[in-house]
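Here are a few notes from my look through the backbone and the charged pairs. I hope they help as you go through the coordinates yourself.

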Amino acid sequence: MIKILIIEDNDNIRENISEILDLSGYKVFAAANGKTGVELALKNEPDVILCDIMMPEMDGYGVLYILSKTPQTQNIPFIFLTAKAERTDIRKGMELGADDYLTKPFDDAELLRAIECRIKKKEAQQLYYGHTAENLDTLITHKDGLHKLKEAMLERNSRQFKAHQNIHYEGDHVIGIYYIISGKVKTVKHTEEGRELITGMYKEGDYLDINIIHSANPYNDTAVALEDTTLSFLPIEQLDKLLYLHPDIGTRFIKILAKDIREKEERLLQIAYMSVRKRIAEAIIKLTERYGIDSTTVKTSRDDLAALSGTSPETVSRTLSDFKEEGLISKNAGTIHILNFNRLTSLKN
């Protein structure tokens, strides 16, 4: 029989949920506070845990933290029960590893659907772990891990960032990776003089922070939304589980890292040996390839071009004016259109 643990300090709510689940054929355990809830979870190892956030003795975050760090309970589906006023805090719980949440008041159907969904996902996961090592290797080889990773990212709550809003800061603690659902993002470092250098450019479908996720170091740059952007976040613990089940995710990440390293090496060589004109031309081409409206048109700022080419905004302005006079580009209101692609790519000085 499937076991459900309810941790809820409100007597009426706890008793109502217990009655619904009991009538639905589940074996129910109930706790009136977080401390007792942890004890019952360790003793009975339920199949699903329903837990309130605000409780005496120990709140829901504390319960989730302890159980997620304990091997025998860390994989139990965890559903938060939250009041409407607490919905703004639910992101904290999801980042700690909660699987879902129900907003009070909820009806019987919502409750049962949430539990059934988590049970099915747990059963699917157990199919992976239930095989011998040999069978497991065969099984995961035929699964599309990248698709599973994308599914996991899209199932999570998304977060909106306005244009120019910081996503994370250099020096922040790394707790997971971001997936860009829509929009554009850049990562930057700042010199002691306050100058900005772009270290990466990302768009819809890209993952942020693959290069730092398992380094045990804080972020080494700042991520900024270039336009209104929607992101999804996946904690390290859940990413690790997917990497274990799907080796092709790790293979894909290695390819992304290798490409990222090559691009950074090329940029260092450009800054060290190329003329300013050539660097700015290369930056325009790179932006059209990455963020372009089409293959020859991009909307960008003077400051971003300077940060990408390793020069000053004033130098960018003068060089763009020269390019315009030479018939290489046209520009209007922050939009650059390449008129002569071959000449721009072949600039030597």
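1. E57 has a relative accessibility of 62%, and because the cut-off for exposed is over 50%, this residue counts as exposed. E57 sits in the loop that runs between β3 (48-52) and α3 (60-68). Its backbone deserves a look too: phi of E57 is near 70 degrees, a positive value in a residue that is not glycine. Please keep in mind that this is a predicted model.

2. H164 is another non-glycine residue with a positive phi, here about 75 degrees. You will find H164 in the loop between β6 (158-161) and β7 (166-168). With 65% relative accessibility, H164 counts as exposed. As background, most residues other than glycine have a negative phi, and most peptide bonds are trans.

3. On the peptide bonds, please check the one joining K104 and P105: it is cis, with omega at about -5 degrees. P105 belongs to the loop between β5 (100-104) and α5 (108-129).

4. K104 also turns up among the charged pairs, forming a salt bridge with D52 in which the closest N and O atoms are 3.1 Å apart. Since K104 lies in strand β5 and D52 in strand β3, the pair ties together parts that are 52 residues apart in sequence. Are K104 and D52 buried or exposed? Both of them are buried. The pair is also part of something wider, as E8, D52 and K104 are linked in a network of salt bridges.

5. K189 and E170 form a salt bridge as well, with 3.1 Å between the closest N and O atoms. K189 lies in strand β9 (residues 184-190), while E170 is in the loop between β7 and β8 (176-182), so this pair ties together parts that are 19 residues apart in sequence. K189 is partly exposed, at a relative accessible area of 32%, and E170 is partly exposed too, at 40%.

6. Strand β9 also holds K186, whose partner D304 is in helix α11 (residues 302-309); the pair links distant parts of the chain, 118 residues apart. In this salt bridge between K186 and D304, the closest N and O atoms are 2.6 Å apart. K186 counts as buried at 8% relative accessibility, and D304, with a relative accessible area of 13%, is buried as well.

7. Finally, a number for your own tally: how many salt bridges are there? The count comes to 11 salt bridges, and the pairs K104 with D52, K189 with E170 and K186 with D304 are among them.

Key: Residues numbered from 1 in each chain as written. Predicted model: local features only at pLDDT ≥ 70, side-chain atom pairs only at ≥ 80, totals over all residues. Heavy atoms only, no water. Helix = DSSP H or I, 4+ residues; strand = E, 2+ residues; numbered from the N terminus. Buried < 20%, exposed > 50% of the residue type's maximum accessible area, 1.4 Å probe, protein only. Salt bridge = Lys/Arg side-chain N within 4 Å of Asp/Glu carboxyl O.
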